[in-house]
Amino acid sequence: MRLFGIQQLSRSVLADQRKQRNVQKAALQTMDYDSWTKEALVERVRQLEHQKAIKPRWGNGKKNTSSGNTSGSDMFSLEPKRKKQRKPDFDFSRFPQRKVALKFSYFGWPYHGLARQGNALSDEEKKRVEEQYPTIEGELFKALAQCKLIVNEAQCGYSRCGRTDRGVSGFGQVVALYVRSNGRFLADGEVVEGAMEDEHNGRRYVVPENERELPYVSMLNKSLPQEIRVLAWAPVAESFDARFSCRARFYRYFFSEAGLDVALMRAAAQRYLGTHDFRNFCRLDPAKQIGNFERTVLAIDITPVPQAVPFIGDAQASEGRWWQLELHGSAFLWHQVRCMMAILFHIGQGFESPEIIDQMMDVQTMSGKPEYEMAADTPLVLADCRFDADAVQWIYVRCARDYGNMTVLDRTVLRQWEQMTTQSVISGALLQILRTTQVPVVSGTQVVQAAVPWDQQRATIRKRFEDEGAGQALLGGGTVKHMRKYVPIATRNRAEPVEDRNRAWLARKMAHRAARESANAGGNAGEEQREDASAGDASRSGAEA
């Protein structure tokens, strides 16, 4: 009975409310606001704002229309608002992780080098640094995390083959790490052929056949920027390290023939072959305390860019003939290839003789590195990284459906080539207009000849500057250094010998450490004195009491 009475009262209250709203609605329809005073209009606005601010005490504000009872059609639902369910975190513990090597390419000019600026996934401050100075590794780790292939950077056993600087590209860069597998963990006592166990997983597990494994290449390429493309993957042993397992690294440096004696450069490049001390062909960093600068060049040559590679250029003009330095070595120093190429450019322009290479390798005579500009970064490419055949077997296509991935990869790179080639064609068209423009030949202020193509005058002017010893030093990639007079490298200012620089840096570091320890010791002594003083005050207070 009591429940029946409450229901009757609720229906009565709701009926009164509906009746009142209908009356107000009818009144509003007949209201003539044009005849209202300002004070009345302001009061009406306040009433409407007050009504808008009132919210239902229960429920989510939606009308309950589930009931067929028309008398309760305006009743608000008394059910509490349901919270949006949070998507559960991915449970990596359900899946084993296997060690793989990834082979990928990238264009280096949009990025600040290969190496990430710290842990881009876990530290907010380093995230901001990565956003401001993006790196290839930063983008790679973001893609790995987005694909749920790694837990974080610190726990994936990551190693890289070669570290490239800002602007340098890679065609065959290699990294190794543990990634999530499509396999499964084995139950206790379960016996399966091919079962594996390693320290990283801590449990026995099996991995599927390659064609049933996760499609690592297509997964990552869907999440990576177009400038970075994963080419292949390979299962590797637990002991595999992308850096220390690498047997050789292969670099290419592309350059135009314009203004260079390529034959002389090619002959001079052979002086780099073999094992030498390359301290005068690298950037020195005393913080690394490197004492051994001997490196081995396994093979080196300067060859034409293959005609099978499509590019825009007039092969009859020197600007349209392109060459590449091909360099094989077991390991390289910081900026070593760019420094080697810079000296070859000086030789190709006739500023230096090939013997300068031998002089710079004689560290007893030239103990300090002379001052000179490195070659540009953009034309340099880490073309490939070589490993033992039984250590890495690259998988480009696992099964027939992977041909679709290769098609997408080819189309993506082709689209990038078309975009950049379009810019090259447009700038080449403008250059052609300038070269064929008719300009008068003048001597002082007098016109000697009415109209001559600018290309003819350009050659004459350049020769005059070269005869006077002025001009520009080519550094590759369209980069030049203007100079009034060329100073031979052997007579330039030199840095201090690397041994002295290492000792000076180490002495400064030890001095800073000693000062820091002294400051810490002084702080501790001060604390002890304050504690003794407090104890003395306490004892005196006790005696006086």
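**Exercise 1. Determine which residues tyrosine 272 touches, leaving out residues up to four places away in sequence, and place this residue in the nonpolar core.**

*Solution.* With contact taken as heavy atoms within 4.5 Å, tyrosine 272 touches Phe278, Phe281, Val297, Ile300, Met340, Ile343, Leu344, Ile357 and Met361, residues up to four places away in sequence not being counted. The model is a predicted one, in which local features need pLDDT of at least 70 and side-chain atom pairs count only at pLDDT 80 or more, while totals for chains, interfaces and linings use all residues. Residues are numbered from 1 along each chain as its sequence is written, and side-chain values use heavy atoms, with hydrogens and water left out.

The next step needs two terms. A residue is buried when its relative accessible area is under 20%, exposed when it is over 50%, and partly exposed in between (1.4 Å probe, protein chains only). A nonpolar core is a set of buried Ala, Val, Leu, Ile, Met, Phe, Trp, Tyr and Cys residues joined through side-chain atoms within 4.5 Å. The largest such core has 60 residues, and Tyr272 is listed with Phe255, Phe281, Ile343, Leu344 and Ile357 as having the most contacts inside it. Helix H7 (residues 336-348) supplies the largest share of this core, nine residues; helices (H or I, at least four residues) and strands (E, at least two) are DSSP runs, numbered from the N terminus. A second, separate core has 29 residues, among them Leu144, Leu177, Val217 and Leu220. As a general background, nonpolar side chains in soluble globular proteins tend to be buried together.

**Exercise 2. Work out which residues of helix H6 are buried, and which exposed residues are carried by the face turned away from them.**

*Solution.* Helix H6 spans residues 262-269, and within it Val262, Met265, Ala268 and Ala269 are buried. Seen down the axis of H6, these buried residues fall within an arc of 125°, so they line one face of the helix; the arc is that of the directions from the helix axis to the C-beta atoms. The face turned away from the buried side of H6 carries the exposed residues Ala263 and Ala267. On the buried side, the partners against which H6 packs are strand S7 (248-256), strand S9 (294-304), strand S10 (322-329), H7 and helix H8 (355-361).

**Exercise 3. Establish how many of the eight residues of helix H5 are buried, and what they pack against.**

*Solution.* Helix H5 (residues 216-223) is mostly covered, since six of its eight residues are buried. These are Tyr216, Val217, Ser218, Met219, Leu220 and Asn221. The buried residues of H5 pack against strand S1 (97-106), helix H4 (136-146), strand S3 (169-180), strand S6 (228-235) and H9.

**Exercise 4. Trace the salt bridges of arginine 116 and arginine 160, and describe where their partners lie.**

*Solution.* A salt bridge is counted when a side-chain nitrogen of Lys or Arg lies within 4 Å of a carboxyl oxygen of Asp or Glu, and the structure holds 17 of them. Arginine 116 pairs with glutamate 153, the closest N and O atoms being 2.4 Å apart. Arginine 116 lies in the loop between S1 and helix H3 (124-132), and glutamate 153 in the loop between H4 and strand S2 (159-160), so the pair ties together parts that are 37 residues apart in sequence. Arginine 116 is partly exposed at 24% relative accessibility, whereas glutamate 153 is buried at 5%.

Arginine 160 meets glutamate 137 in a salt bridge of 2.6 Å, N to O. This pair links strand S2, which holds arginine 160, to helix H4, which holds glutamate 137, across 23 residues. Arginine 160 is partly exposed, with a relative accessible area of 25%, while glutamate 137 is buried, with 0%. Through shared partners, salt bridges join Arg116, Glu137, Glu153 and Arg160 into one network.

**Exercise 5. Identify the residues that make the nonpolar surface patch and the helix that gives the most to it.**

*Solution.* Patches are made of residues with over 30% relative accessible area and no salt bridge, like charges being joined within 9 Å and nonpolar side chains (Val, Leu, Ile, Met, Phe, Trp, Tyr) within 5 Å. Leu430, Leu431, Ile433, Leu434 and Trp454 make a nonpolar patch of about 470 Å², where accessible areas come from the Shrake-Rupley method with a 1.4 Å probe and, for residues, only the protein chains shown count as cover. Helix H9 (residues 402-436) gives the most to the patch, with four residues. Leucine 434 has its place in helix H9 and is partly exposed, with a relative accessible area of 46%.
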